[in-house]
Amino acid sequence: MKNECYIVRDLLPSYIDQLCSEESARFVEQHIDICEKCSQLLHQMRIEVDTEKQPEISARLEQKKPFQKIAYFFNAQKNFSKFFKISFWIALLATLGFFVYSISVFSNLVHERKESSIVEQQKKDIMKKAFAILSTEASIDEKGLQTIFDEYSGQLQHLSVFSSKIINDVTRLQKGPINTFPIDYSQAVLIIGENGKITEPIIPSDYDIGTVAMANDRWIVQYEYKESYLKTVENAHQIKHYAPSIWTIFQLPIVFTIITVFILGGWLFQKRMIKPVENLLD
Ligand SMILES: [Zn+2]
């Protein structure tokens, strides 16, 4: 081994790690070209260094793993956030749609209730006017009753008066105008129709809300609605007894509002959570 060989071997570790000066590196390379043994030694040392470095790399990868996991976690959060965003807009649109629908149902109901109360008020008015006339005279004021009939001729088929004695329990009819199955018209004291007093036999309406009756101590007043007015009466009856409550009408939009608020809450929470690392995730 030459003297040069000793110097080169001292320099080899620094040469491999690329730490020696340019002059030294050139010196090493020139020597390697001509010296078989040093060339072999360099080759050998490079292999050793590589195998030494191997675990170091995998150790570095191990160190990176937790950060990767965090990155995965936050990426998942970001996707979750996207899901929240889409869900929120869908829920919001559905809520608005349901609100619009419920408001139209509600305004329709308000309108129908008004019509229903008109029909109810009309019942009371007709009876009030009829009994006012019946109480003033000892005998029945036929003209007075005809005036009432004419006033409501668009709605009424007949207006009739019975003695209260023909019914066993008249108290049921004394509380106010009620829909009832018609009393047989052959027992009537007076029946008034479009063309005045009716004397021929009458077949009453078989529709159970087509006839209204009310009584005082002496008289029973019974009238029947015109066929063409029955639909209005039926609607009024339905609305009075079976109208949906405001809660029922607005149930769906209210439930959807709650769902939307929850989704919005979740979305905002997600946003706040990933905000500090948002820039790192792109
Ligand atoms: Zn040498």
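## A bend in the opening helix

Let's start at Asp10, where helix α1 has a kink of about 35°, shortly before the proline Pro13. Keep in mind as you look around that this is a predicted model.

Helix α1 covers residues 3–16, which makes 14 residues. From its first C-alpha to its last, α1 reaches 21 Å, close to the 20 Å expected at 1.5 Å a residue. Five names are worth finding along this helix: Cys5, Val8, Leu12, Tyr15 and Ile16 are its buried residues. After α1 comes Gln18, and its phi is positive, near 60°.

## The zinc site

Which residues coordinate the zinc ion? The donors are Cys5 (SG), His31 (NE2), Cys35 (SG) and Cys38 (SG), at 1.9 to 2.4 Å. Along the sequence, these donor residues follow the spacing C-x25-H-x3-C-x2-C. Two of them, Cys5 and Cys38, link distant parts of the chain: Cys5 sits in helix α1 and Cys38 in helix α3 (residues 36–136), 33 residues apart. Cys5 and Cys38 are both buried.

What is the geometry of the site? It is tetrahedral, with angles of 90 to 124° among the four donor atoms. For comparison, the ideal angle for four tetrahedral donors is 109.5 degrees.

## Two nonpolar cores

Now turn to the largest nonpolar core, which has 27 residues. Leu145, Ile148, Leu159, Tyr223 and Tyr225 touch the most other members. Several elements give two or more residues to this core: the helices α3, α4 (142–151) and α6 (230–242), and the strands β1 (156–163), β3 (190–193), β5 and β6 (219–225). Helix α3 provides the largest share, seven residues.

Tyr225 is a good residue to zoom in on. Leaving aside neighbours within four places in sequence, Tyr225 is in contact with Val119, Lys123, Gln155, Leu156, Gln157, Ile209, Gly210, Val212, Leu230 and Val233. There is also a second, separate core of 13 residues, and its members include Val8, Leu12, Ile32 and Leu42. You have already met Val8 and Leu12 among the buried residues of α1.

## A closer look at Thr211

Our last stop is Thr211, in strand β5 (residues 211–215). Is Thr211 buried or exposed? With a relative accessible area of 0%, Thr211 falls under the 20% cut-off and therefore counts as buried.

Which residues surround it? Beyond neighbours within four places in sequence, Thr211 is in contact with Ile178, Asn179, Thr180, Pro182, Ser205, Gln222, Tyr223 and Glu224. One of these, Tyr223, also appeared among the residues that touch the most other members of the largest core.

Note on methods
Residues are numbered from 1 along each chain as its sequence is written. This is a predicted model: local features need pLDDT of at least 70, side-chain atom pairs count only at pLDDT 80 or more; totals for chains, interfaces and linings use all residues. Side-chain values use heavy atoms; hydrogens and water are left out. Helices (H or I, at least four residues) and strands (E, at least two) are DSSP runs, numbered from the N terminus. Buried means under 20% relative accessible area, exposed over 50%, partly exposed in between (1.4 Å probe, protein chains only). Contact means heavy atoms within 4.5 Å. The expected span of a helix is 1.5 Å times one less than its number of residues. The bend at a residue is the angle between axes fitted to the seven residues ending there and the seven starting there. Donors are N, O and S atoms within 2.8 Å of the metal (3.2 Å for Na, K and Ca); water is not among the atoms, so sites may look incomplete. Four donors count as tetrahedral if all angles lie between 85 and 135 degrees; four count as square planar and six as octahedral if opposite donors are over 155 degrees apart and all others between 65 and 115; anything else is irregular. A nonpolar core is a set of buried Ala, Val, Leu, Ile, Met, Phe, Trp, Tyr and Cys residues joined through side-chain atoms within 4.5 Å.
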